[in-house]
Structures are given as C-alpha cells and as structure tokens.
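Trainee: Hey, could you walk me through this one? I'd like to go bit by bit.

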Amino acid sequence: MKSSVPPLNRIAFLGNHPPRMCGLATFTGDLRSAVAGALPDAECFVMAMTEAGACHAYPPEVWLQIPENDTCAYGRAAEFLGEVNADILCVQHEYGIFGDRDGERVLTLLEGATMPVVATLHTVLDRPTRGQFRVMEEVIRHAGRLVVMTERSQRILTNVHNVPADRITVIPHGIPDMPAETPPTGHKAEFDAVGRTVLLTFGLLSPGKGIEQAIRAMPAIAARRPDALYLVVGATHPNILRRDGEAHRDSLKRLAAELGVSDHVRFLDRFVDLPTLTRAIAAADIYLTPYLNEAQSVSGTLAYSFGMGKAVVSTPYWHAAELLAEGRGVLVPFADPPAIAAAVVGLLADPDRLRAMRETAYTLGHDMRWSRIGERYRAVFDQARLEATRRARPQQLKAPAKAGGAGVVASLRRSVSPQGGMVPPVNLAHLAQLLDATGLAQHATLAIIDREHGYCVDDNARGLILATQLTGGRAASSPAGDLFGITAAFVQHAWDAGAGRFRNFMAYDRRWLEAAGSDDSHGRAVWAIGTVAAKATDASHRAWAYGLLERAAPPVLALTSQRAWAFALLGIVESLAARPEDMRLVRLRSALAERLYDHLRGNRRPGWTWFEEVVSYDNARLPQALIAAGHQAGRPEWVALGIEALGWLCQAQTAEAGHFRPIGSEGFWHRDGERAVFDQQPLEAAATIGACLEAWRVTGHEDWLTEAQRAFAWFLGDNDLGQPLYDARTGGCCDGLLCDRVNGNQGAESTLAFLMASTELRAALTAASLSLAESFVQVAE
C-alpha cells in the first residue's frame, strides 16, 4: 500500500534573504517562491540570517530574523518553529552565514527543531577542516534528507561523510522561468552595446572571481574582434566593501587602462534586480566565469546564464566542470588569459558551434526552471516527512546548577526587603470567590458574586496576565490555584477563528451574548496571550499562546480604538522581549506604535499633551505602550513623546493636597471642558502604576517609581475621601470612589486591578532594593 503524508501547511526556510545582497539570499527567496507556487495552500516563510549590525527591511514572507552572532537567538528560533507548528524546516547551509568560522551556531537550532529537516548544502568540501567536518557531520545527523546541486557534491558526501546515496537528492540550482530564447541583439541597446559582441560576467565583485584574468585576455580578443565588450555587472560584495571599499574594482579598472582595453571593458556598478539581470544575460553573446577556486560546489550565475541559453567559457571549478562537460560549454585552465582569449575567439569564429551550444543549454535549462525545482523540493519534503517518523533524538541532560554565585544572590535577595512596606502580600481569597470552572465572573454585590452579569474576556484576560505574573502559569496551592488554566481556557474559547475576533460577554449559562467583542476587549486578550507567550514557565503554555497570538494580533490593525492598539502593543512588546527576531511582530509593533505616535503629535496643543480630544479610561496604558515599544525598537522619539504625555497625565491626576486623583468616569475630561472628579476607578490607578514603572525601567529616574507608589497609595486610603478601597483581610478591592463614599461592590475588574498593580510594584521595589544592595556589595569588594 502506498504511503502518504498529511498536506504541508507550513514550511520554514532558513537562510539569507533579500534585501541582503548575496547569492544565497537570492536563492532562498527564489526557492521559497518556487515551493509556494508548487504548494499554493501552504504558508511558506523564511527565518533570515542577519549579519552583525545590519538592519534590513525584510518583506512579509520573512517571519523571523536571526542575528548571526546571537547564540541564544538560535535556540529561540527552534522554539518559534514549534510554536508556529512548522511541518518541515529547509535549511540553506553555507559555512559563512551562521556567525562563526565553521557555522557551528546553527547546530543549536537544529538540536531544538522537532520537525523533519531538509538541508540544502551549498558548499560540500572534499578536504574540510576539522571544524568544518564536525559541523557537517552534525548537520547530516539532524537532516532527514540532503539536497545538493551537483553529482560531484553527492559523491563527496558519500566518500567523505559516508552518507548513503539514497539519503541525497541532486536538484540543480534554479533559474527564472523565461520565455523562448531571443537573440542577443534586441537587448543590447539598454546596455549601450548596440553593434558590440558582448562578453558578460555578473555577480557580487570580490577577489577570487578571476575577473582580472578575463581582462588580461581582452587585448588578444579585441585584436581579433574589435567590437568585443566585456561587461562586468554587479556591486562589490558588502563584506569586501566594508573592509576595503572599492579598492578591488579600482584595481580592475586600472588594469584595463594599463592594457589599453578600457574601451572594451565596462563595469555596471550596482546590485541589479532580476529583470535587469535577465536582460543583461539576454544581451550577452558569451558568458564568462573565470573563477580561481576549484572547490566551488555551485554557482548561481553559471546556472542562470546556462539555463537561459548562453554559450559559456569557464574555468573548471566543480560546478562548471560538471555542467559544461561533453561540449555543453568550453572549459579553460585556471588563471590562463591566453586560453580564455582562444576559447572566446574560437567560439565567435564558429557560429554553428555557438548556436548549437546555446540551443543545448536552453533545452537542458528547462529542467532548471524554478517552477520545476519547486515541485522537486515538494517531493523531497514529503519523502523527509515519511522517513522522519522514527528518527529519535537522545535527550540532552542539563548539568546541575553549581553552588556559589547564585546562592550568594539568593541570600542577598532574602536579606533585602522591598522599600515602602505598604505593599500588602498577595491575597487571592476574594478572587477565588469570583472564579468557577467557566471563568472569572464580572460583578459582585458587595463581596458576593453576581451571576446575572456572567463573564467577559476583558476580566479573564486580566486574570491570565495576573496568573502569569504570579506563577508563570504553574498551578499554585492558593485558593485560586487554577487561575491560569481556567482563564486561559476562557480566552481560548472566546476566540472566533472564522471572524478573526474575540467574543467578550458570556452569560452565566455559557451563552455568548455577541458575535464579536469590543475593540478594547480584543486588544486586552492579545496583551494577555502575548504575556503568556513570553513568560509562561511551561513550554506548552508558551506554544499555545504564541499560536493564538499569531492569529489574533494581525486583526488589531483593522481596529480603530487607540486603547486596543495600546493593549495589543503591550502584549506584542512582551512577546518580542522573549523572541526579538519575530519580524511579523516587529512589523506590527512598528505599525501600532506609529499610529499612537501620530495621534499624540496630531492632538497635542499648548496645555494638552494627549492622544485624543478626551481623557477617558485606562488612560496611562496609551503612553505606557508607546514608551515600551519605543525603548524596545530603539525609537527615542516614541519614548520621549510617551514620557511627555505620561508626565502631563500624572500632573493632571495630582490633587492640590498632593495625592493621586484619577480622571472620573462620570463625564471624563474633554479638551476645553471641565474634568470629572468622580467616579474614580481602580483601573486608572493600576494603569498609572504600570506606566510609571515602565517609565522608571526605561529612564532609570527614581521619580517615576515614587509616582507609581503615590498612585498605589490611592488604593490604601490616600485619596479624596481618605477611605481605603482594598481589604487586606479578604483580598477584595472595591469598585471605585464615589463623591461621598466608597462603592462597596468588589467585582473582578477592581480586584484584578489591585492585584496586578501590587504584584508589579512589589517586583519593581524588590528589584530597586536589590540593585541598591548589589551596588553596596560591589563597593565593598
């Protein structure tokens, strides 16, 4: 019976990617597109290797970037693959792209990858160094299938690494799908070569390409063919450019001048796009690859030119020796300008041979078209998935932690108590009263649960954040020990995949009361799952949250509420702190933060530094999100304006006596209008505490920590009525401050606001105290 595998849903490609300028980047992009064409129902995405210090504007198909020198990023990339449920990983292996001499860092990623791996080997060496041999052995061990581009590479793998031939598939380097062959004459005008016989070399310019050998051949070629023009197309390799500037190109131009062939040699000094490149190849009469290094497994430039029906003169590096054998091209010795000249002149003098060589190349090139390459990779992926079934990997044992530094720090932490002992210990007793098997109930009459109003995703999202803050998602022995599991299940159930939105309100009998929730509730849910994706202790919890985040975060762009943007942005920032390479979230962060920034700039007036024409509810979350995103993204203008808005808000929320006075919910505060003083909501105090702590972490200014403590004191009675809202005995928090009394109802929103704020403030105060104590230790030492 024929074996089969489920359809491929997600395919990950690892390698360089445009706009990075190199042949491997072009190959990865073309391969991804080819496979996407062969599998139109699958999502094909790239994890792009990024060189140190670079910042590329990657296209949407790049979901993750991996800084090549960040060892930890490779482990995070492996975790990312599991969380997005990639069905297969296709690695573009080249020794030089993984940040160290032998490319050892990639092994961390491969060790953590749980899906089948197909490795495309771009360089296969017959005499590897000890380090190169070891890394290749590990790549081979982790990959179910190996793809090479030449028969020679297959033989080397078998002879040097003892790889069975049936594990290796030879798939040639792909080339663009081109129309029927056209004569060179029609394309020469674009390159100012009308009436000239064009010899072409293209690719990133660097020593080792042998271009100086072709230039030395030009006097003899020009003597026989005065119309000859050697066209060298391509930018200088970025690594060479950073190190030496244009010294190599300048030396080539000087050589042409010294030999008297400047009129016969022309440089097109730029990295050309594919349409321009194909027209340049079409304009050529002969393609030259005078490379100096025999051990080159593959050349994309050779594949392009041969596949597009060009006659080729080349040195016999491995790829050329195989592709051009049996008269399919002309091979000349390395570093032999007279042989290059003789081959070129001989071909031009024999039009029939030249035409036959072109026709053969074009015919053979049909099997090299990217559309066919995509189908062949599809077959390899299916084969790898069938074979992967039984490839067990040994579990890696973690070494036990050593005593010493960690014990000293733990001892020091125990000896340092938080400043401001007014932060009460966590008491989840009342929250447990609001929690049942469905979720957190919204409302309470005094301290008694009010089931009439059911549940909402807003409160369960807040509960999920709190549970993650307290225990990292682990079950606890407290009265609300299953807080994480119940609230996570509620958020999961609230997600409507068909609509791409979260529902919000649910009746006590578990009936959803609306088809879609508010914009703000969607944003809060994204905030919660972003927090879980970053901070949950259990990897399965992180994976669950990340899988939901990647579906729920993009729809935020269609929402119109600034608070929804801010809430979601806080979750995205949390997730990116754990995995900064996720380009999809990076793009979302930029889009949402730019919106907030633009709104703040557009609405700011003298005496009014705010995002809109009204200061309403959950206010401080707006500047908090902008500050957090700006700090993480390295955008000081976002941070500065967010700090300015938060400072303005804090000043507006300060009573004459100096205590915290939030904007009242009975009318809010419209620009040029009177601000409402009551009802004062716990939500505002919690938001202010969170925002001020963010400002403190970003700026290091202790005033922000003091401001957070001032807002927290509001819960405990430092407010307009001098009445506490939090009951330390029961763990309940009242719903607000009315003009003449405390609203004694203790609903989920208020209690969660207090618990989230106190948990965050306690952590900040402990960190501040520990930092101070550590500085004393350093001075003493």
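Trainee: Which helix gives the largest share of the lining of the second largest pocket?
Mentor: That's H27, with nine residues. Helices here are DSSP runs (H or I, at least four residues) and strands are E runs of at least two, numbered from the N terminus. A pocket is an open set of points on a 1 Å grid over the protein atoms alone, where a 1.4 Å probe fits, with protein on both sides within 12 Å along at least five of seven lines; lining residues have an atom within 4 Å of a point.

Trainee: Which residues are closest to its centre?
Mentor: Lys535, Glu574, Glu694, Arg697 and Glu760, out of 29 that line the second largest pocket.

Trainee: Is this predicted, and what's left out?
Mentor: This is a predicted model, so to speak of local features takes pLDDT of at least 70 and side-chain atom pairs 80 or more, while totals for chains, interfaces and linings use all residues. Residues are numbered from 1 along each chain as its sequence is written, and side-chain values use heavy atoms, without hydrogens and water.

Trainee: New topic: what order do the seven strands of the open sheet come in?
Mentor: S3-S2-S1-S4-S5-S6-S7, with parallel pairing; two strands pair if DSSP finds at least two bridges between them. S3 and S7 are at the edges with a single partner strand each, so one side of each has no neighbour in the sheet.

Trainee: And how many bridges join S4 and S5?
Mentor: Five, in the parallel sense. Cysteine 90 has valine 118 in S5 as its bridge partner.
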